[in-house]
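I opened this notebook to record, entry by entry, what I looked up in one structure. The sequence and the model come first, and my notes follow.

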Amino acid sequence: MMMNLFSIFDPSSSPNFSMNWISILTGIMFMPLLYWVIPSRLQLFWLKFTIALNKELNNNFQNKKKKFLFIFTSIFWLILMMNFLGLFPYIFTPTSHINITSFMSLPLWLTFMIFGWMNFSNSMFSHLVPLGTPMLLSSFMVCIETISNIIRPLTLAVRLSANMISGHLLICLLSNTIYSNNSIYFLIFPGLTILMLLESAVAIIQSYVFITLTSLYLNELN
């Protein structure tokens, strides 16, 4: 049962394996809508949402680092698109796969580390020992801060994929229960509807959490 349940997150278990990763590129289909002279409702919604997101992220960026705001906004929309696509039937969720989330978190973290250690070496060393740490605990704190810094890309990747997997597992369990026993359809269907709404909220929240934590890591480079 567990093998069949978790197989929904394994792209190789699907008969259309070669088409599973196509969902990552689905957002390209919406790009031509942005080139019309008269904006569509979708474009107006996208612009208003992006402006609100930029205002929110401005508080996390220092003045000299606001030039990277466009990159984080693009990452937000990419993650949000992949999260929402997984809520549709027969579409593989790319963000539930650790390879995709690691591919997004590891290059960002590695870029921050290389840029920080090459340009702000003294500041990077000072981050290893928090202010006010006793001298006896300084070496111990260096080890702890180093380990916590190294596992940052792993925590970003696991947090995103685990949240996507947990909600989809519950939806899959309830759907299988309805399929095997139609008599309890009216009991499970309201819960399934609420769970779908919660998953939609999780798709937005996890996209925002990913770019917020990444922006905080960038702000440490000063």
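Entry 1, Y217. I began with Y217, which I found placed in helix α8, and I kept in mind from the start that the model I was reading is a predicted one. I asked whether Y217 is buried or exposed. Its relative accessible area is 15%, and because buried means under 20% relative accessible area, Y217 counts as buried. When I set aside residues up to four places away in sequence, I noted that Y217 touches F112, R152 and L156. One of these partners, F112, stands 105 residues from Y217 in sequence, yet the two C-alpha atoms are 7.7 Å apart in space.

Entry 2, F72. I turned next to F72, which is found in helix α3 and is buried, with a relative accessible area of 3%. Which residues does F72 touch, if those up to four places away in sequence are not counted? I wrote down F61, F112, I211, T214, S215 and L218, and I saw that F112 had already appeared in my list for Y217. For S215 I also looked up the spacing, and from C-alpha to C-alpha it lies 7.7 Å from F72, although 143 residues separate the two in sequence.

Entry 3, helices α2 and α8. Since I211 had come up as a partner of F72, I looked at where else I211 takes part, and found it in the contact between α2 and α8. Two packed helices are described by the angle between their axes and the distance between the axes. For helix α2, residues 41-58, and helix α8, residues 185-219, the axes come within 11 Å and cross at roughly 35°, and the crossing is right-handed. On the α2 side the contact is made by L53, E56 and L57, while α8 brings Y208, I211 and T212. I sorted these residues by kind and recorded 4 nonpolar, 1 polar and 1 charged.

Entry 4, the loop between α3 and α4. I then followed the chain into the loop between α3 (69-85) and α4 (98-119), where T95 is found. T95 is buried, with a relative accessible area of 0%. What does the side chain of T95 join through a polar contact? I found the side chain of N83, in a polar contact of 2.6 Å. Leaving aside neighbours within four places in sequence, I listed I79, M82, N83, T101, L160, S161 and M164 as the residues in contact with T95. F92 has its place in the loop between α3 and α4 as well, and F92 is buried, with a relative accessible area of 7%. I checked F92 against I24, which is 68 residues away along the chain, and read a separation of 9.4 Å between their C-alpha atoms.

Entry 5, C172. In helix α7, residues 152-180, I looked up C172, which is buried with a relative accessible area of 16%. The C-alpha atoms of C172 and L192 are separated by 9.7 Å, with their positions 20 residues apart along the chain.

Entry 6, the chain as a whole. I closed by stepping back to ask how many helices and strands the protein chain has, and counted 8 helices and 0 strands, which read along the sequence as α-α-α-α-α-α-α-α. Of the 222 residues in the protein chain, buried residues make up 35%. Among contacts with a separation of 6 or more, 72% are accounted for by residues 24 or more positions apart. Finally, I noted that the accessible surface of the protein chain comes to about 14,000 Å², with 74% of it belonging to carbon and sulfur atoms.

Notes: Residues numbered from 1 in each chain as written. Predicted model: local features only at pLDDT ≥ 70, side-chain atom pairs only at ≥ 80, totals over all residues. Heavy atoms only, no water. Axes fitted to C-alpha atoms, helices over the stretch in contact; angles between N-to-C directions. Left-handed = near helix turned anticlockwise from the far one by under 90°. Contact = heavy atoms within 4.5 Å. Nonpolar A, V, L, I, M, F, W, Y, C, P; charged D, E, K, R; others polar. Buried < 20%, exposed > 50% of the residue type's maximum accessible area, 1.4 Å probe, protein only. Areas by Shrake-Rupley, 256 points an atom, 1.4 Å probe, with all protein chains shown as cover. Polar contact = N/O pair within 3.5 Å; in protein donor to acceptor, adjacent residues only side chain to side chain.
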